[in-house]
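Let us go through this structure by asking how each label is earned. Keep the sequence and the 3D view at hand.

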Amino acid sequence: MPLLAPRRLLLALCWIPVTALAEGTLSTEREKELETLLYQDCGSCHGMTLRGGLGPALPESRMNAYSREGLAALILHGVAGTAMPGWQGLLTEEEARWLADHLQNDNPLDE
Ligand code: HEC
């Protein structure tokens with residue numbers, strides 16, 4: 001009895017490109033955690049609805065002045081000389097891109 005029956009092997013081979021094509025690899029659970037982080041942790045400075053506080057408001061129009069990569073880099077590295085911290089100790093690049101995408105396309109502050 002081979003380890004993988006031929007039909008199983010075929011199924012496994014089909015599965016690889018499908019998962020590789022999927023948009024991201026973050027679990028729904030992690031996406032929920034990131035959303036909580038955005039409105040609570042980032043929100044502690046930018047406001048729980050992103051309308052601003054110690055940090056500026058983060059409206060969708062403003063967020064789209066950045067490229068997605070640029071915004072993700074800003075989130076990971078922070079803004080030197082300001083209160084905006086870098087988040088690279090807590091977030092992976094993919095997670096920062098997810099947050100950037102959320103700010104650009106799924107933003108509650110749609111001005
Ligand atoms: C301790 C306060 C603080 C926290 C927490 C914080 N920020 Fe900031 N953030 C700032 C400040 C202050 C600025 C303005 C920096 C400047 O003067 O350029 C800023 C700037 C930004 C900008 C650029 C805004 C613009 O108009 O160009 C983005 C985007 C941003 N923060 C996203 C985030 C995200 C996402 C998080 C959470 C992962 C976060 N920030 C957490 C204080 C904070």
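Q: Why is methionine 63 called buried?
A: This is a predicted model. In it, methionine 63 has a relative accessible area of 4%. Buried means under 20%, so methionine 63 counts as buried.

Q: Where is methionine 63 found, and with which residues is it in contact beyond its neighbours within four places in sequence?
A: Methionine 63 sits in helix α3. Leaving aside neighbours within four places in sequence, methionine 63 contacts Leu58, Leu71, Leu103, Gln104 and Asn107. Contact here means heavy atoms within 4.5 Å. The C-alpha atoms of methionine 63 and asparagine 107 are 9.1 Å apart in space, while the two residues are 44 residues apart in sequence.

Q: What makes the arrangement around the iron atom of the ligand octahedral?
A: Six donor atoms surround the iron atom, and they subtend angles of 87 to 178°. Six donors count as octahedral if opposite ones are over 155 degrees apart and all others between 65 and 115. The arrangement is therefore octahedral. For six octahedral donors, the ideal angles are 90 or 180 degrees.

Q: Which residues coordinate the iron atom of the ligand?
A: His46 does so through NE2 and Met84 through SD, at 2.0 to 2.1 Å. Histidine 46 belongs to helix α2, and methionine 84 to the loop between α4 (68–77) and α5, so the pair ties together parts that are 38 residues apart in sequence.

Q: How do you know whether histidine 46 is buried or exposed?
A: Look at its relative accessibility: histidine 46 has 11%. The limit for buried is under 20%, so histidine 46 is buried.

Q: What makes methionine 84 partly exposed?
A: Methionine 84 has a relative accessible area of 22%. Partly exposed lies between the buried limit of 20% and the exposed limit of 50%, so methionine 84 is partly exposed.

Q: Where is the kink in helix α2 centred?
A: Helix α2 covers residues 28–46, and its kink of about 30° is centred on leucine 37. Leu37 is one of the buried residues of α2, as are Leu34 and Leu38. The buried residues of α2 pack against α5 (93–105). Just after α2, glycine 47 has a positive phi of about 95°.

Q: Which helix gives the most to the lining of the largest pocket?
A: Helix α2 does, with six residues. The lining has 26 residues, and His46, Pro56, Leu58, Leu74 and Met84 lie nearest the centre. The largest pocket holds about 470 Å³ of space.

Note on methods. Residues are numbered from 1 along each chain as its sequence is written. This is a predicted model: local features need pLDDT of at least 70, side-chain atom pairs count only at pLDDT 80 or more; totals for chains, interfaces and linings use all residues. Side-chain values use heavy atoms; hydrogens and water are left out. The bend at a residue is the angle between axes fitted to the seven residues ending there and the seven starting there. Helices (H or I, at least four residues) and strands (E, at least two) are DSSP runs, numbered from the N terminus. Buried means under 20% relative accessible area, exposed over 50%, partly exposed in between (1.4 Å probe, protein chains only). Donors are N, O and S atoms within 2.8 Å of the metal (3.2 Å for Na, K and Ca); water is not among the atoms, so sites may look incomplete. Four donors count as tetrahedral if all angles lie between 85 and 135 degrees; four count as square planar and six as octahedral if opposite donors are over 155 degrees apart and all others between 65 and 115; anything else is irregular. On a 1 Å grid over the protein atoms alone, a cavity is a set of points where a 1.4 Å probe fits but cannot get out, and a pocket is an open set with protein on both sides within 12 Å along at least five of seven lines; lining residues have an atom within 4 Å of a point. Grid points are joined across faces, edges and corners, and a volume is the space filled by probe spheres set on the points.
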